[in-house]
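Please study the sequence and the model shown below before attempting the exercises. Each exercise consists of a task and a solution in steps.

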Amino acid sequence: MQEKHLKRNGNKIPDPNFQITNKFQYIKFAVVLILFLVQFGMTCSPKESTTLFSSISSLSQSHIPDLNSKKRLLLFVIDFDDFMCLSCLESLIDLYNFLPSPFKKEKSWGVLIYKKERREEDKKTALGVISKKLRGFVKANRIQFPILVDSNQIFSSLSEEGTAVILFDKDQKSIKKYLFPLKKGQKKEILSFLF
Amino acid sequence: MVLLIRTFLIFVFCSQVPSLEAKDVYKIILEEILSIGTLDDDAIFQWVGVNVDLQKQIYVSDAMDYSLKKFDPQGKLLKKTGRRGQGPGEFLAPRFLDSSEKYLYVIDQNLPGIQVFNKNLEFIFRLPLQLPVVDIKVLSDDEIAVASLLSNRSGAIYIIDAEGEVIRSIQFTDKKSPFMMDLVSFDIGVDGHLYLAYTFQDKVEKFDAQGKKLWSQKLLKVNNVERKKVSRFVVPTEILYKDVALDSSERLYVLGGSFSKNKGRDVYVLSPEGDLLTIITLPESSHCIYLDSQDFLYARANEGITLKKYKLHFVYDSKGS
Amino acid sequence: MCKQNKKIKKIASALLALALFFVLVPGVLEASACAEAFFNCLDDPIVSMNYFGPLYCGTGYLFCIKYIGD
């Protein structure tokens, strides 16, 4: 914006009224943008990433579900720390109870991840504790899909954000990741995607 | 006259003999005598609360499989009840428990009220209570003491009846503290004395049955606890004292938290007068401690998969020796 | 006056950066698992409708830090 000038006694002086207007315009613009961003943040959609797809496809084929024969799949990445947290997995259990039947069994897999530094001292006992708690969790919540303990830390890079569910869609050629606990509307979104 | 003199002399003589009660505990040695729950069995997955009745049966609440379990004194599982749910006898998040002669009282973190079971683990009724309960002590079937988290009325132990009505309260502080700062773990002695340890303040205190403070101790010399903002609340982040328990001599056992030398493992033992007698260090960290009527100590192991029972061997130090 | 406009622009940019920071950074700064669970519990619409809801979340937070806080 160009400054308007007035002429007074032949000298150019800035128009104070114009400057006040200009000042407020900047502030108005900033406030509107802030409000827009806050609104955007509150309704942010799940991550879609082709880089995620490529990083997973670079892993050994034996560690990921067979995507060729199935059109949609779920992969639950469960952080072991959430077992100790008491009630941290409520959102996952809630989602599981609403899943359509195929996604409770053959169309879902689970991976249990844990922090490597916790297990340095006594690996056998540590894995024993992890396996037992997983067994209890599966039994108590009647989880029907297989959950494997990631003892080789293959999925450790996915664990940084905690427990999550990843949706694979072959037709759409997309992968979506949702972190637990699910935000408002995400459960409905996942279920509508699966049905 | 002679009889009077003799009596006087006997009295003087007896008062010079050191009393056995004058001996203080110098050291306590733990001897593990029972371990319930191994890595291979399905006895316990993640126990939270424990209680032992007069018949030495052991009751445990298991948060992982939403259950209440009963073991015999040798650690054999006798019965299990409960599953995930909100109905009678169901749990979402079972936590601490206590018992009377007839019943077991179980707190659920996510459900209002206290569930009451008989000793056969059959659901009897739900004690209606809206207050979220953080600690419980059953005085009788008509009087249950609870510590609660309340935003505007705290600093008290509430005694409730079988209808869930507050019949009286023991005010242990009238100073208004920030949110959660006056949370306590407590126990009540046979004569109604209240012993409590603040969760987020360095204070261990004793009150008489009328609510008069008898003593207050600061064991860890901690002045301030870090607090952080979570949503619209500011909450403390580190625990000073996790739990308390009384033995049959009313010695107080206080389980330390993050500020102890051995975090979650140091148990401070105080005399009924508030003197620090000794410190026991558990082999593994625990979230709680429990002492049964025969002074056996129970604590956690293997991250909640195992319940350990210890015999306490007291080593005394005679005064003047 | 030109300097004043620049000053205003700087303030607006700083406000914008601050807004971006609070939008993109998680609501719980340096959250532990328990603090995060507490935050998520408070965020639950069902919990926020109940008068005692936040207190139950607080109880959950307490049990959590007792259990895993060593």
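The exercises that follow concern chains, contacts, salt bridges and backbone angles.

**Conventions**

The model is predicted, so local features need pLDDT of at least 70 and side-chain atom pairs count only at pLDDT 80 or more, whereas totals for chains, interfaces and linings use all residues. Residues are numbered from 1 along each chain as its sequence is written, chains are lettered from A and ligands numbered from 1 in the order in which they are written, and side-chain values use heavy atoms, with hydrogens and water left out.

**Exercise 1. Describe the secondary structure of chain C and state how much of the chain is buried.**

Step 1. Helices (H or I, at least four residues) and strands (E, at least two) are DSSP runs, numbered from the N terminus.
Step 2. Chain C has four helices and zero strands, in the order α-α-α-α from the N terminus.
Step 3. Buried means under 20% relative accessible area, exposed over 50%, and partly exposed in between (1.4 Å probe, protein chains only). Of the 70 residues in chain C, 37% are buried.

**Exercise 2. Characterise the interface of chain B and chain C.**

Step 1. Contact means heavy atoms within 4.5 Å. Chain B contributes 41 residues to the contact and chain C contributes 22 residues.
Step 2. Buried area is the accessible area (1.4 Å probe) that two parts lose on being put together, summed over both. For chain B and chain C this is about 2800 Å², with 65% of it on carbon and sulfur atoms. On the side of chain B, Gln109(B), Pro132(B) and Val230(B) lose the most area to chain C, together 19% of what that side buries.
Step 3. A salt bridge is a side-chain nitrogen of Lys or Arg within 4 Å of a carboxyl oxygen of Asp or Glu. By this rule, zero salt bridges are found across the interface of chain B and chain C.
Step 4. A polar contact is a pair of N or O atoms within 3.5 Å; within protein, one must be able to donate a hydrogen and the other to accept it, and residues adjacent in sequence count only if both atoms are side-chain atoms. Six residue pairs in polar contact are found across the interface of chain B and chain C (both at pLDDT 80 or more).
Step 5. Strand 19 of chain B gives the largest share of the side of chain B that touches chain C, three residues.

**Exercise 3. Describe the largest nonpolar core.**

Step 1. A nonpolar core is a set of buried Ala, Val, Leu, Ile, Met, Phe, Trp, Tyr and Cys residues joined through side-chain atoms within 4.5 Å.
Step 2. The largest nonpolar core has 121 residues, and those with the most contacts inside it are Phe76(A), Ile58(B) and Ile157(B). The largest share of this core, nine residues, comes from helix 4 (residues 53–68) of chain C.
Step 3. Not counting residues up to four places away in sequence, Ile58(B) touches several residues, including Leu34(B), Val50(B), Phe71(B) and Leu307(B).

**Exercise 4. Compare three of the salt bridges, giving the location or exposure of the partners.**

Step 1. The structure holds 18 salt bridges over all chains.
Step 2. Glu90(A) pairs with Arg84(B), the closest N and O atoms being 2.9 Å apart. This pair crosses between chains, from helix 4 of chain A to the loop between strand 5 (77–81) and strand 6 of chain B. Glu90(A) is partly exposed at 22%, and Arg84(B) is partly exposed at 24%.
Step 3. Lys308(B) pairs with Glu32(B), with closest N and O atoms 3.2 Å apart. The two residues are 276 residues apart, in strand 26 and strand 1 of chain B. Lys308(B) is buried at 15%, whereas Glu32(B) is partly exposed at 42%.
Step 4. Asp247(B) pairs with Arg251(B), with closest N and O atoms 3.0 Å apart. Asp247(B) is buried at 5%, and Arg251(B) is buried at 11%.

**Exercise 5. Where do Lys56(B) and Gln153(A) lie, and is each buried or partly exposed?**

Step 1. Lys56(B) has a positive phi of about 65 degrees although it is not a glycine. Lys56(B) is placed in the loop between strand 2 and strand 3 (58–62) of chain B.
Step 2. Lys56(B) is partly exposed because its relative accessible area is 41%.
Step 3. Gln153(A) has a phi near 60 degrees, also a positive value in a residue other than glycine. Gln153(A) lies in the loop between strand 6 (147–149) and strand 7 of chain A.
Step 4. Gln153(A) counts as buried because its relative accessibility is 18%.
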